[in-house]
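Subject: The model, and what turned up in it

Hi,

Here is the structure I promised to pass on. Have a look at it first, and then read my notes underneath.

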Amino acid sequence: MMVRVQQEDFDVGTEITRLRLQYPQAGAVVSFTGQVRDLNDGQSVASLTLEHYPGMTEKSLDAIVVQARQRWHIFDALVIHRIGTLPPQAQIVLVIVASAHRGDAFAACEFIMDYLKTEAPFWKKEVTPEGAKWLDERASDYAARERWQ
């Protein structure tokens, strides 16, 4: 299990290959990549700044992956989340899950993202033509998380 919070971009293909080659017994490797939207709530987005609580954020992400491992039969998972100021279309987050079967890999990947969106201490500030604003949590993110209860 690996969790990284970093400013640097990541290469999705390299990360998938690395995890895939570590687990030759895996029959499924599922990934999700999130990126900065160029429009949000009908407004153009010039940039998105992501801040976090160092140390606490990594522990939170580790705990989410541990929960996924307890629920599904997965070999491993990787979570990379970027911080700093990012332009539209920049990659923000990568989640990769390796498992013997696709069902466990898909479910664990989706679970990790749903919990990451509501449990990991990240703050987002968006810059639009109307100025900068901190983004509020979305009810839809909490609704997605609740289905795992």
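Below are my notes, going from the overall fold to single residues.

First, the small print. This is a predicted model, in which local features need pLDDT of at least 70 and side-chain atom pairs count only at pLDDT 80 or more, while totals for chains, interfaces and linings use all residues. Residues are numbered from 1 along each chain as its sequence is written, and side-chain values use heavy atoms, with hydrogens and water left out.

**Overall fold**

The protein chain has four helices and ten strands. Helices (H or I, at least four residues) and strands (E, at least two) are DSSP runs, numbered from the N terminus. Going along the sequence, they come in the order β-α-β-β-β-β-α-β-β-β-α-β-β-α.

The radius of gyration is 16 Å, which agrees with the value near 15 Å for a compact globule of 149 residues. That radius is taken over C-alpha atoms, and the globule rule is 2.2 Å times the number of residues to the power 0.38. Along the principal axes, the C-alpha atoms fill a box of roughly 50 × 35 × 30 Å.

As for burial, 46% of the 149 residues count as buried. Here buried means under 20% relative accessible area, exposed means over 50%, and partly exposed is in between (1.4 Å probe, protein chains only). One buried example is Ile80, at 0% relative accessibility, which sits in strand E6 (residues 74-82). Its C-alpha atom is separated by 23 Å from that of Gln25, 55 residues apart along the chain.

**Salt bridges**

A salt bridge here is a side-chain nitrogen of Lys or Arg within 4 Å of a carboxyl oxygen of Asp or Glu. The count comes to eight. As a reminder, side chains of opposite charge can pair when their charged atoms come close.

Arg4 and Glu15 form one of them, at 2.9 Å from N to O. This pair links distant parts of the chain, with Arg4 in strand E1 (residues 2-6) and Glu15 in helix H1 (residues 12-22), eleven residues apart. Arg4 is partly exposed at 22% relative accessible area, whereas Glu15 is buried at 7%.

Glu15 also meets Arg18 in a salt bridge, at 2.9 Å from N to O. Both of these residues lie in helix H1, three residues apart, or about one turn of the helix. Arg18 is partly exposed, with 44% relative accessibility.

Another salt bridge joins Glu119 and Arg145, at 2.2 Å from N to O. It too links distant parts of the chain: Glu119 is in helix H3 (residues 102-119) and Arg145 in helix H4 (residues 139-146), 26 residues apart. Glu119 is partly exposed at 37% relative accessible area, and Arg145 counts as buried at 14%. Back with the earlier residues, salt bridges that share partners join Arg4, Glu15 and Arg18 into one network.

**Aromatic rings**

There are five aromatic pairs in the structure. Rings of Phe, Tyr and Trp (its six-membered ring) pair if their centres lie within 6.5 Å; planes under 30 degrees apart count as stacked, over 60 as edge-to-face and the rest as tilted. Trp72, Phe111, Tyr115 and Trp148 are linked into a cluster by ring pairs.

Arg145 turns up here again: it lies over the face of Tyr115, 5.9 Å from the ring centre. For that, NZ of Lys or CZ of Arg has to be within 6 Å of the ring centre and within 35 degrees of the ring normal.

**Surface patch**

Tyr53, Met56, Trp123 and Trp134 make a nonpolar surface patch of about 460 Å². Patches are made of residues with over 30% relative accessible area and no salt bridge, with like charges joined within 9 Å and nonpolar side chains (Val, Leu, Ile, Met, Phe, Trp, Tyr) within 5 Å. The areas come from the Shrake-Rupley method with a 1.4 Å probe, and for residues only the protein chains shown count as cover. Within the patch, Met56 is partly exposed at 44% relative accessibility and belongs to helix H2 (residues 56-71).

**Positive phi**

Most residues other than glycine have a negative phi. Which residue in the loop between strand E3 (39-40) and strand E4 (43-44) should you look at? Asp41, a residue other than glycine, has a positive phi near 55°, and it is exposed at 62% relative accessible area. Gln89 is also not a glycine and has a positive phi of about 75°. It lies in the loop between strand E7 (84-86) and strand E8 (91-99) and is exposed, at 60%.

Cheers
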